Amino acid sequence: MAEQNLTTLQPSDARILCIPDLEKAGSEKLERSAREFYNSGSTDQVTLHSNNLAFQKYRLRPRVLRPVSAVSTSTSCFGREIAFPLCISPAGIQAIAHPDGELATSRACAVKGVNMAVSTFATHPVEDIRAAGVERDPGIKHAMQMYTMRDRALQRRIIERAQGAGCTAIFLTADSPVLGVRYNEWRNDFRTPIGLGFPNLDMSSEYIRTKSHEDGFTTMNDPDHSWEREVAWLREVAPKMEIWVKGVLTAEDVKEAVRWGVDGVVVSNHGGRQLDGVPATIDVLAECAEAAKGSRGSFGQMGHWRDFDGFIEMSCGDAPEDDMNASSRMSMAGEDEVSVNCVSKRTK
Ligand SMILES: Cc1cc2nc3c(=O)[nH]c(=O)nc-3n(C[C@H](O)[C@H](O)[C@H](O)COP(=O)(O)O)c2cc1C
């Protein structure tokens, strides 16, 4: 695997007080192609920047003289109580930043009392990722993220493995009929580093490295997906798992999700990495939550940069959960779960 000059980031490190600090410190440790893979969005990055800027339009309206000595940040997600309304969204190829990759994320989620979604492009097997979390907290829940795949037998195998490992839900990423146009990946000829495979896809490092990320995605992914075909198929293959659709940005699609009886939606623009020019996730959360009213649940999701972003989100969307993906991916370039813990503590 690619050598990274990793030095230790300690939770007590005064340089790292907020997520931008963490992004800076993590970025300094990564080679250009990895850094840009993690940090960049698609084409002109309009949506990527909107995601962060949009939060600045919102202000909190605080109420005063309320007793706050005994408040609780806990809520529920996948039928378990989580410590605070944040979970980790699926992010691929985490072992570029640290060899422990998704194992460390899973351990950190367990220690902090939240749930985690595992990317199809995880660099560790879903069984090991789940075991790493369960060892620290048997109550942790995992979702398996997936795409609609051309090879349905392989897609079925991934689901069966996730189910066998004890994952609770499938997140079907619906915003990626094709891979977003990411200039950085073209310019850098981004390849997964030597030694890292995609074990959940049964793909070795040697095989992955024969293709660009985009070619690999196009070979694997079936753009001919539909609500009708995917939801029914997933229900049949994974009768015991919750089915969530990730990448919804409109009230119309939330209504479709309700109509097809999915268990949840992840309101998301994929961190600005897919179709550029779509709205910031926070700006559509209210319309999506309104469309979900009366149904079983919605899941607001965005990259957080400040502690009050979470409050804004909850008030816009009435959302029971959201994610802290931005913090997880950058902290990984520190020292595995120590850094993940460090930021989650400060964003809490
Ligand atoms: C480096 C990186 C890798 C990602 N990999 C995946 C992935 O494999 N599957 C997926 O559904 N989303 C992936 N995402 C998107 C995140 O799950 C999440 O949607 C995004 O970071 C937050 O933006 P949102 O608020 O629009 O959801 C990735 C994001 C980043 C930054």
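A residue is called buried here if 20 or more other C-beta atoms lie within 10 Å of its own, and exposed if 12 or fewer do. Keep that cut-off in mind as you click along, and remember throughout that this is a predicted model.

**The whole chain**

Start with everything shown as a cartoon. The chain has 15 helices and eight strands. Of its 348 residues, 46% are buried. Now think about which parts of the sequence touch: among contacts between residues at least 6 apart in sequence, 71% join residues at least 24 apart.

**First group of annotated residues**

Select Pro90, Ala91, Gly92, Ser119, Gln145, Thr173, Lys246 and Ser268. In the unreviewed UniProt entry, these residues carry the annotation "binding site". We will stop at two of them.

Zoom in on Gly92. You will find Gly92 in the loop that runs between strand S2 (80-82) and helix H4 (101-112). Is Gly92 buried or exposed? Gly92 has 20 C-beta neighbours inside 10 Å, so it counts as buried. Setting aside residues up to four places away in sequence, Gly92 touches Ser119, Phe121 and Ala122. Ser119 is also among the residues under that "binding site" annotation.

Next, click on Thr173, which sits in strand S5 (residues 169-173). Thr173 is buried too, because 22 C-beta neighbours lie inside 10 Å. Which residues does Thr173 touch, not counting those up to four places away in sequence? Show Gln145, Met146, Tyr147, Lys246 and Gly247 and you have them. Gln145 and Lys246 are both included in the UniProt annotation you selected above.

**Second group of annotated residues**

Now colour Tyr147, Arg182, His270 and Arg273 differently. The unreviewed UniProt entry lists these under "binding site" as well.

Tyr147, which you have just met as a contact of Thr173, is in the loop between strand S4 (142-146) and helix H6 (152-165). With 23 C-beta neighbours inside 10 Å, Tyr147 is counted as buried. Apart from neighbours within four places in sequence, Tyr147 is in contact with Thr120, Thr173, Ser176 and Asn221.

Move on to His270, in the loop between strand S7 (264-267) and helix H12. Its count of C-beta neighbours inside 10 Å is 24, so His270 is buried. Leaving out neighbours within four places in sequence, the contacts of His270 are Asp175, Ser176 and Gly247. Two of these may look familiar: Ser176 is also a contact of Tyr147, and Gly247 is also a contact of Thr173.

**Two helix pairs**

Two packed helices are described by the angle between their axes and the distance between the axes. Show H4 together with helix H5 (residues 126-136): the two pack at an angle of about 30 degrees, with axes 8 Å apart. An angle under 35 degrees counts as roughly parallel, so H4 is roughly parallel to H5. The crossing of these two helices is right-handed. To see where they meet, display the side chains of Glu102, Leu103, Ser106, Arg107, Cys109, Ala110 and Val111 in H4, then Asp128, Ile129, Arg130, Ala132, Gly133 and Arg136 in H5. Sorted by class, this contact holds six nonpolar, two polar and five charged residues.

For the second pair, select helix H11 (residues 251-259) and helix H12 (residues 281-292). Their axes are 8 Å apart and the angle is about 30 degrees, and H11 and H12 are therefore roughly parallel to each other. Their crossing is right-handed. On the H11 side, look for Ala251, Val254, Lys255 and Val258; on the H12 side, Glu287, Cys288, Glu290, Ala291 and Ala292. Here the contact has six nonpolar, no polar and three charged residues.

**Backbone stops**

Most residues other than glycine have a negative phi. Select Thr43, in the loop between helix H2 (32-39) and helix H3 (46-54). Thr43 is not a glycine, yet its phi is positive, about 30 degrees. With 15 other C-beta atoms within 10 Å, Thr43 is partly exposed.

Asp189 has a positive phi of about 45 degrees and is not a glycine either. Look for Asp189 in the loop between helix H7 (183-187) and helix H8 (205-208). Asp189 is exposed, with 9 other C-beta atoms within 10 Å.

**Last stop**

Finish at Ser76, in strand S1 (residues 75-77). Ser76 has 12 C-beta neighbours inside 10 Å and so counts as exposed. Add Val114 to the view: Ser76 and Val114 are 38 residues apart in sequence, and their C-alpha atoms are 9.4 Å apart in space.

Key
Residues are numbered from 1 along each chain as its sequence is written. This is a predicted model: local features need pLDDT of at least 70, side-chain atom pairs count only at pLDDT 80 or more; totals for chains, interfaces and linings use all residues. Axes are lines fitted to C-alpha atoms, for helices over the stretch in contact, and angles run from 0 to 180 degrees between N-to-C directions. Helices (H or I, at least four residues) and strands (E, at least two) are DSSP runs, numbered from the N terminus. Angles under 35 degrees count as roughly parallel, over 145 as roughly antiparallel, 65 to 115 as roughly perpendicular and the rest as oblique. A crossing is left-handed if the near helix is turned anticlockwise from the far one by less than a right angle, and right-handed if clockwise. Two residues are in contact if their C-beta atoms, placed from the backbone, lie within 7 Å. Ala, Val, Leu, Ile, Met, Phe, Trp, Tyr, Cys and Pro count as nonpolar, Asp, Glu, Lys and Arg as charged, and the others, Gly among them, as polar. UniProt positions are given in the numbering used here, feature names are shortened, and annotations may be inferred rather than shown by experiment.
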